[in-house]
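Here are some notes for a colleague who is opening this entry without having seen it before. They are set out as numbered points, to be read with the structure in view.

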Amino acid sequence: MSESEKPLKAELTVEYPFTRTTGKVIGAFMTGLREKRLFGIKRSDGSVLVPPLEYDPITSEPLTEMVEVSQSGVVETWTWIDPPRPQSPWDAPHALTLIRLDGSDTSMLHAVLAGSPSEMRTGMRVSAKWKEERVGHITDLEGFIPETKEVDS
Amino acid sequence: MTDPNSPPASLSEDVKIPESISGLEPVRSVRSPIKLVYDFVPSPPVQEYLRSYSKKKILGHRSPVDGAVFVPPRGVDPRHGVLIEESVELSDRGHVGNFCVTHLPIPGRDDLDIPYVSAWIHLDGANVGFLGLVAGCENDEVHIGMRVQAVWKKEEELGNTAENILYWKPTGEPSVPVEKAGNRAWDQPNE
């Protein structure tokens, strides 16, 4: 096959520079991240959603009562990412996890910055690690790190 | 059960902000850019089209059903779901079927001076439009039916890309009547 008959191929990029307005609830969650605090929102049955939602996912009623939750929690499920994709916020291999923070009834997607998958297990306890410079974005949380001591739940 | 005709609960619903952050400037927006990088491999008809296009030849596909000509060629007549194998070479002249004057910049397209005119160019012998820029005249002179011809890149800059035509410029020929311009005369035979 001659050079001119090889299939044509081109690298294409689709890119959108979105800025999203947050509204009061998500805005308060993001403001909390900037201040090294984690907030959820209370449902009418008293359970807490983290991250907070503006409306109840079951009843659709507006939710208004924001509450602070712990910066530590339990890994509910995880997968090891190695290597991260080029656009990942994390350069080093890490675990992508669902973390249920103490005081929350739902789990939140974030990274656990463990050195290797052998340090990971479902049910392990982790704590938030914050960036020095924070702007009010989910990436203000650098990730979660394993708590050195296991605590019985 | 909520009355479906009642307005949705107001977004201004009073949210109880925790005291620890209630006095602070709240976050009102977040940047969430998205980016997808991928390899594009054109279909065989488009490969042939791009190779010809780099030699200043515009290929179309003629439908076996009614002779309608599509450009760029896609290998099928999408109206009838039949394969097309007959290529035709089209003129690099045509007329403006529809156009739009854009006053806002596109991120990443610093080469476009605003306001610019984009248009569906209906090439002579084609039944669908071909997207391009119109220049070489004042923007307010552009009109539906205006006859135009391609201004190609320099020979050494031509390539297997969709970017070989810089823009379309007026020819000065009499305009196509509006009622026959673009797809407005789809049901009428090619002249």
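1. How many salt bridges does the structure hold over all chains? In this model, which is a predicted one, the count over all chains is 20. Side chains of opposite charge can pair when their charged atoms come close. Several of these pairs are taken up below, after the interface of the two chains and the fold of each have been described.

2. The interface of chain A and chain B is a good place to begin. Here 41 residues of chain A are in contact with 36 residues of chain B, and the area buried between the two chains is about 3,400 Å², with carbon and sulfur atoms giving 59% of that area. Three residues, Leu8(A), Leu12(A) and Lys24(A), supply 19% of the area that chain A buries against chain B, which is more than any other three residues supply.

3. The polar side of this interface deserves its own paragraph. Between chain A and chain B there are 15 residue pairs in polar contact, counting pairs in which both residues are at pLDDT 80 or more. On the side of chain A that touches chain B, the elements giving two or more residues are β1 (10-16), β2 (19-21), α1 (23-34) and β5 (66-69) of chain A, and α1(A) gives the most, with 8 residues. By residue type, that side of chain A divides into 17 nonpolar, 12 polar and 12 charged residues. The rule also finds 2 salt bridges across the interface; in a salt bridge between the chains, the side chain of Lys16(B) meets that of Glu65(A), at 3.6 Å from N to O.

4. Strand pairing also crosses from one chain to the other. Strands β1(A) and β2 of chain B (residues 34-40) run antiparallel and are joined by 7 bridges; within β2(B), Asp39(B) is the residue that stands opposite Glu11(A). Strands of a sheet pair through backbone hydrogen bonds, either parallel or antiparallel.

5. Chain A also has an open sheet of 3 strands, in the order β4-β3-β5, with antiparallel pairing. Its edge strands are β4 (48-49) and β5 of chain A, each of which pairs on one side only. Strand β3 of chain A (residues 38-42) pairs with β4(A) in the antiparallel sense over 2 bridges, and Lys42(A) stands opposite Val48(A) in β4(A).

6. Turning to chain B, the reader will find 2 helices and 12 strands, which run from the N terminus in the order α-β-β-α-β-β-β-β-β-β-β-β-β-β. Of the 191 residues of chain B, 35% count as buried. Among the contacts in chain B with a separation of 6 or more, 55% are between residues 24 or more positions apart.

7. Is His122(B), in strand β9 (residues 116-123) of chain B, buried or exposed? His122(B) counts as buried because its relative accessibility is 4%, where the cut-off for buried is under 20%. Leaving aside residues up to four places away in sequence, His122(B) touches Gly94(B), His95(B), Gly97(B), Val128(B), Gly129(B), Gly182(B) and Asn183(B).

8. Arg79(B) is found in the loop between β5 (76-77) and β6 (82-83) of chain B, and with a relative accessibility of 35% it counts as partly exposed. The side chain of Arg79(B) is joined by a polar contact of 3.0 Å to that of Asp66(B), and by another of 2.8 Å to that of Asp77(B). The C-alpha atoms of Arg79(B) and Val65(B), which are 14 residues apart along the chain, are separated by 9.8 Å.

9. Three salt bridges within chain B may be checked in turn. Glu86(B) and Arg62(B) form one in which the closest N and O atoms are 3.2 Å apart; this pair links distant parts of the chain, with Glu86(B) in strand β7 (residues 86-90) and Arg62(B) in strand β3 (residues 58-62) of chain B, 24 residues apart. Glu86(B) is partly exposed at 42% relative accessibility, and Arg62(B) is partly exposed at 30%. Arg28(B) and Glu25(B) form another, with the closest N and O atoms 3.4 Å apart; Arg28(B) is exposed, with a relative accessible area of 55%, and Glu25(B) is exposed at 52%. In a further pair, the side chains of Arg109(B) and Asp111(B) meet at 2.9 Å, N to O.

10. Finally, salt bridges that share partners join Arg93(B), Asp124(B), Arg147(B) and Glu173(B) into one network.

Conventions
Residues numbered from 1 in each chain as written. Chains lettered and ligands numbered in written order. Predicted model: local features only at pLDDT ≥ 70, side-chain atom pairs only at ≥ 80, totals over all residues. Heavy atoms only, no water. Contact = heavy atoms within 4.5 Å. Buried area = accessible area lost by both parts, 1.4 Å probe. Salt bridge = Lys/Arg side-chain N within 4 Å of Asp/Glu carboxyl O. Polar contact = N/O pair within 3.5 Å; in protein donor to acceptor, adjacent residues only side chain to side chain. Helix = DSSP H or I, 4+ residues; strand = E, 2+ residues; numbered from the N terminus. Nonpolar A, V, L, I, M, F, W, Y, C, P; charged D, E, K, R; others polar. Pairing = 2+ DSSP bridges. Buried < 20%, exposed > 50% of the residue type's maximum accessible area, 1.4 Å probe, protein only.
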